[in-house]
Amino acid sequence: MDEIDALRSLGRDVPPPDPATRRAARMALLAHAEARASRPPWLPAARLGIRRLRVVGALAALAIVAVLASGLLPLGLRPDPAAAAALNRVADIAARQPDGPRDGYRHTRSEGAYLHCLGGSPDHPNGYCALLPVSREIWIKPDGSGRKIESRGEPIWFGPADRAAWQADGSPDLRGQPSDTRFGPTPPGVDPWVPQVWPGSLYYQNVDALPTDVGALRHLIDERAAAAEGATDYERFTIVGDLLRETVAAPKVRAALYRVAASLNGVELVGSMTDRAGRTGTAVAMTNDQSSRGLERRLLIFDPETSVLLAEEDVLLHRVDWLDAEPPMVIGYNTYLTSEIVPTIS
Amino acid sequence: MEARSDAQIIAASWVEPLVFAAVFDRHYDAVHRYLARRVGSDLADDLAAEAFTTAFDVRRRYDTAHPDARPWLFGIATNLLRHHRREEARRLRAYARLERPADADDGFGGIEARVDAGRAGPAIADAVTRLSAGDRDVLLLFAWVDLRYEEIAVALRIPVGTVRSRLHRARRRLRELLGDSGQYLGADTLTEALEPDG
């Protein structure tokens, strides 16, 4: 027997993974894969489970003070009566709209871009990052069946350092291949509210099953926020965005979602804003001081006449050493060009 | 029909991400076992899950010239351990405190060998704690995962020559340490570290 044999005897009786742990890990992987695959990939990293670092939180707290002092956040983290009024006004419009047919596919066509980093993160400052444009068209039924078409465009570089690092890495293709995938339904009995994922199906939150009572809906959103990254109003604001995005929510549900957003501390009214498709809408925003990326702001732009969500945008508000750009930097956006219910997949 | 290689599955997951679950199904238990031996089962539960989500995120960079994904996966798992050296040291110290019962069926064959293993186990655990992190990674991928030199090189992204030298150094150091304690009873096997790759 040699030292390797002796070494091999160490810990070889370690128990196999518990089946429940294995199932949970598998489900987490699938949820992670599906979150990256069927939802807009520019969602904040914090929602995908990246740990929040204490030091980042402390730096973000300092940054908040600096940003408040600079006037970027004139209303700070207090409730904003103007934002609440704008959101309640569009909620009133939605509540007066008739319910159309709900059978069929929720069809959304969008153009966006997301932050794509290879090795570039607060922990790995020597990588590079770019905005990667994505064109996306999706048809989803509440049963999870549907079709998704995606293609990515040429990277948009934040600055010459990122581009040079990419070239030094051999200029790898960041676009990947365009995809066109069809999906089958989820198994029967799946809770439409709980975000579960099944291989071969799309993730869909059945917003038709949501309560239209604002208090009941707020309670559900509170529960999900607590189960996700923390019961913060930013998390609640993000969930409202999740439930408006690619769901073609019924008018009364949409109204309740806007009223929940109006009740959140920290929502601010940005005002009239033109989206990247040239449409004028009303923008509200919330700033997140808990992101692992630092201080960032999310904007929702909605049509004040139709109550439809037009666009979303994520902006990084402070300088970071892993991104070759000056703040504020747009690190993700999506513009919803079509949002409708159709009987068939075209 | 011939089963698809890991590389084929990973390439397919570039288009259809959920097929990556097949990689999990094949290798999760082995990755978990490796991590559990190094840092204990509780932490291994978290790290094994993190290893596969990390692997998913970087799957586009997988070199499909390697049909077997194990070196890549164990490399990711090993990388995650960098943040948990203290837990690993505690785990190794726990091994060092353990005395294997002499009558346990340890698979070494004869009673003499079993006694050797029982004696050497605690000492070798103690010796492993004294190795550098880089040498320990190479040694444990070799001894616990049975990766070949080239595979360890892929896992740790180091040249094969570095794998050889680290393994050589680690084994020599182990033997020195065990010799100091008087508990190492095996033959001189230093040359095994220099054997041709197979």
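Here are four short exercises, with worked solutions, on a predicted model.

**Exercise 1: Getting to know chain A**

Find how many helices and strands chain A has, and what share of its residues is buried.

*Solution.* Start by counting elements: chain A has eight helices and ten strands. Next, look at burial: of the 346 residues in chain A, 43% are buried. Finally, check how the chain's contacts are spread along the sequence. Take the contacts in chain A with a separation of 6 or more; 63% of them come from residues 24 or more positions apart.

**Exercise 2: A strand and its partners**

Take strand β2 of chain A (residues 128-140). Work out which strands β2(A) pairs with, and in which sense.

*Solution.* Step one is to see how covered the strand is: ten of the 13 residues in β2(A) are buried, so call it mostly covered.

Step two is the partner β3(A), residues 146-152. Seven bridges link β2(A) and β3(A), and the two strands run antiparallel. To spot this pairing on screen, find S135(A), which sits opposite S151(A) in β3(A).

Step three is the other partner, β4(A), residues 156-157. Here β2(A) pairs over two bridges, again in the antiparallel sense. Your landmark this time is A130(A), which faces W157(A) in β4(A).

Step four is the hairpin of β2(A) and β3(A), with five residues between the strands. Look there for G144(A), which takes a positive phi near 90 degrees.

**Exercise 3: Checking a helix**

Take helix α4 of chain B (residues 70-81) and compare its span with the expected one. Is α4(B) mostly covered or mostly uncovered?

*Solution.* First, the length: α4(B) has twelve residues. From its first C-alpha to its last, α4(B) reaches 16 Å, close to the 16 Å expected at 1.5 Å a residue. Now for burial: ten of the twelve residues are buried, and α4(B) is mostly covered. Among the buried ones are W72(B), L73(B), F74(B), I76(B) and L81(B).

**Exercise 4: Two helices that cross**

Describe how helix α7 (residues 133-143) and helix α8 (residues 149-156) of chain B pass each other.

*Solution.* Two things describe a pair of packed helices: the angle between the axes and the distance between them. The axes of α7(B) and α8(B) come within 10 Å and cross at roughly 130 degrees. That angle makes α7(B) oblique to α8(B), because it falls outside the ranges of 65 to 115 degrees and over 145. As for handedness, α7(B) passes α8(B) in a right-handed crossing. To finish, list who meets whom: D137(B), V138(B), L141(B) and F142(B) in α7(B) meet I152(B), A155(B) and L156(B) in α8(B).

Terms used:
Residues are numbered from 1 along each chain as its sequence is written. Chains are lettered from A and ligands numbered from 1 in the order in which they are written. This is a predicted model: local features need pLDDT of at least 70, side-chain atom pairs count only at pLDDT 80 or more; totals for chains, interfaces and linings use all residues. Helices (H or I, at least four residues) and strands (E, at least two) are DSSP runs, numbered from the N terminus. The expected span of a helix is 1.5 Å times one less than its number of residues. A residue is buried if 20 or more other C-beta atoms lie within 10 Å of its own, exposed if 12 or fewer, and partly exposed in between; C-beta atoms are placed from the backbone. Two strands pair if DSSP finds at least two bridges between them. Two residues are in contact if their C-beta atoms, placed from the backbone, lie within 7 Å. Axes are lines fitted to C-alpha atoms, for helices over the stretch in contact, and angles run from 0 to 180 degrees between N-to-C directions. Angles under 35 degrees count as roughly parallel, over 145 as roughly antiparallel, 65 to 115 as roughly perpendicular and the rest as oblique. A crossing is left-handed if the near helix is turned anticlockwise from the far one by less than a right angle, and right-handed if clockwise.
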